[in-house]
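Grab a pencil and open the viewer. Let's work through a few short exercises together, one step at a time.

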Amino acid sequence: TIQIKHNFGAGPCILPASVLEQAAEAVKNWDNSGLSILEVSHRSPKFEEVMRKTEQLVRELLEVPEDYAVLFLQGGASTQFSMIPQNFLQKHQKAAYLDAGLFGHKSIKEAKYFGQVDIVGSSAGTSYSRVPEIGAVSKDTAYFHCTSNNTIEGTEMFSFPDLGVPLICDMSSDIFSRVIPISQFDLVYAGAQKNMGPAGMTLVLVKNELLDTVEHPVPSMSDYRIYRDNQSMFNTPPVYSIYVAMLNLQWLKANGGVAEIEKENIAKAALLYAEIERNPLFFGMADQEHRSRVNVCFKMHDLAKEEDFLSFAAERGMVGIKGYRTAGGFRASLYNALRLDSVKALVACMQDYEKQNY
Ligand code: PMP
């Protein structure tokens, strides 16, 4: 018998069982067409319909304003680290960046290939345990870049600044997990492999007005306008990733959409943080007011026990709770498809361990 797994992995991550079933069926025989989705042209009317539906679901679920392009790209969120400055930052210009976690830090490194970077806030000095304060940003800044949820460190931004310059945000790990008004941002990007679908596709939402400001030449595969003007089909798109994302967004819609799932996500995080605070063996890594609802990071007071707790938890079906290699400790990711019951199981596991070891 297969033991039930509680998948707390940070990404790629848990997807709803019904989505996986439909995705598996489509590999064998897509909608009774006698063909696999893997062997059908991206230019076929049937796949063009998938593209249209997926875009429509994104627009509807995130309430994307009309004057924004919805793009499906490849190369992961990491490619956006360089594509953004390649489009919007030139040698003589500067861009403002928030240094709030390892991924934000990586985006800063890439931007420096294209122009000047002004780090207007950093929490590197406290191991990124909080979202830093944002310092002054001058009006001639090309854009301000931040990360809405720091996946590795377990911190999340709950408000976003209006600095009078374009606002660009990496929402890889909390997009579709809570209501965030897209209209505040000029460009939003996210690797799909958390709440959108499997790995292989990157979602970009970008205001047309921002695209209209680009005057210098940009190579085609890095030019957002090329993707916009070709409905993300300038070259072969990640067909299967987009298809499974469509299924997953249909699931989200059927479950009440982002506002409904946000309520569940708040309840899941509250339950786990309450146990971390109550249980004398554990403590949370992020500052309380900035702690993430999506990635819950915690440690044990007795470091020597961490390996033992990991195997204790593994025996009880807990998967993916080991912290990121540089952060240590534990990280439980509570993405949309992870149910409250799984969080209850983890809490019970922490309590059982306490009884045996305290
Ligand atoms: N930004 C954030 C916030 C992330 O969590 C990740 C990892 N999923 C990345 C960027 C890098 O994404 P990718 O692996 O898709 O390049």
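Below are four exercises, each with a worked solution.

**Exercise 1. Find out how confident the predictor is in this model.**

Step 1: Keep in mind that you're looking at a predicted model.
Step 2: Check the protein chain: its mean pLDDT is 97, and 99% of the residues reach 70 or more.
Step 3: Now take the complex as a whole, where the predictor gives an ipTM of 0.99 and a pTM of 0.98.

**Exercise 2. Work out the strand order of the open sheet that has three strands, and say which strands are at its edges.**

Step 1: Go across the sheet and you meet the strands in the order 11-12-14, with antiparallel pairing.
Step 2: Look for strands that pair on one side only: these are strand 11 (282-284) and strand 14 (330-333), so they are the edge strands.
Step 3: From one strand to the next, the twist averages 35 degrees.
Step 4: Zoom in on strand 12 (residues 295-300), which is joined to strand 14 by four bridges. One pair to look for is Val296 with its bridge partner in strand 14, Ala332.
Step 5: What holds such strands together? In general, strands of a sheet pair through backbone hydrogen bonds.

**Exercise 3. Describe the shell of residues around the ligand.**

Step 1: List the residues that surround the ligand: Gly11, Gly76, Ala77, Ser78, Phe103, Thr147, Thr151, Asp170, Ser172, Ser173 and Gly191.
Step 2: Sort them by class, and you get two nonpolar, eight polar and one charged.
Step 3: Ask which element gives the most: that's helix 3 (residues 76-88), with three residues.

**Exercise 4. Decide whether Phe103 and Arg43 are buried or exposed.**

Step 1: Locate them. Phe103 lies in helix 4 (residues 102-111), while Arg43 is in the loop between helix 1 (17-28) and helix 2 (45-62).
Step 2: Count neighbours for Phe103: there are 21 other C-beta atoms within 10 Å. The cut-off for buried is 20 or more, so Phe103 is buried.
Step 3: Do the count for Arg43, which has 9 other C-beta atoms within 10 Å. Exposed means 12 or fewer, so Arg43 is exposed.
Step 4: Compare with the record. An unreviewed UniProt entry has a "binding site" annotation that covers Arg43, and the annotation "binding site" also covers Ala77, Ser78, Phe103, Thr151, Asp170, Gln193, Asn235 and Thr236. The residues in that list of eight, Ala77 to Thr236, are spread in space, up to 30.3 Å between C-alpha atoms.

Note on methods:
Residues numbered from 1 in each chain as written. Predicted model: local features only at pLDDT ≥ 70, side-chain atom pairs only at ≥ 80, totals over all residues. Pairing = 2+ DSSP bridges. Helix = DSSP H or I, 4+ residues; strand = E, 2+ residues; numbered from the N terminus. Axes fitted to C-alpha atoms, helices over the stretch in contact; angles between N-to-C directions. Near = placed C-beta within 6 Å. Nonpolar A, V, L, I, M, F, W, Y, C, P; charged D, E, K, R; others polar. UniProt positions renumbered as here; feature names shortened; annotations may be inferred. pLDDT = per-residue confidence, 0-100.
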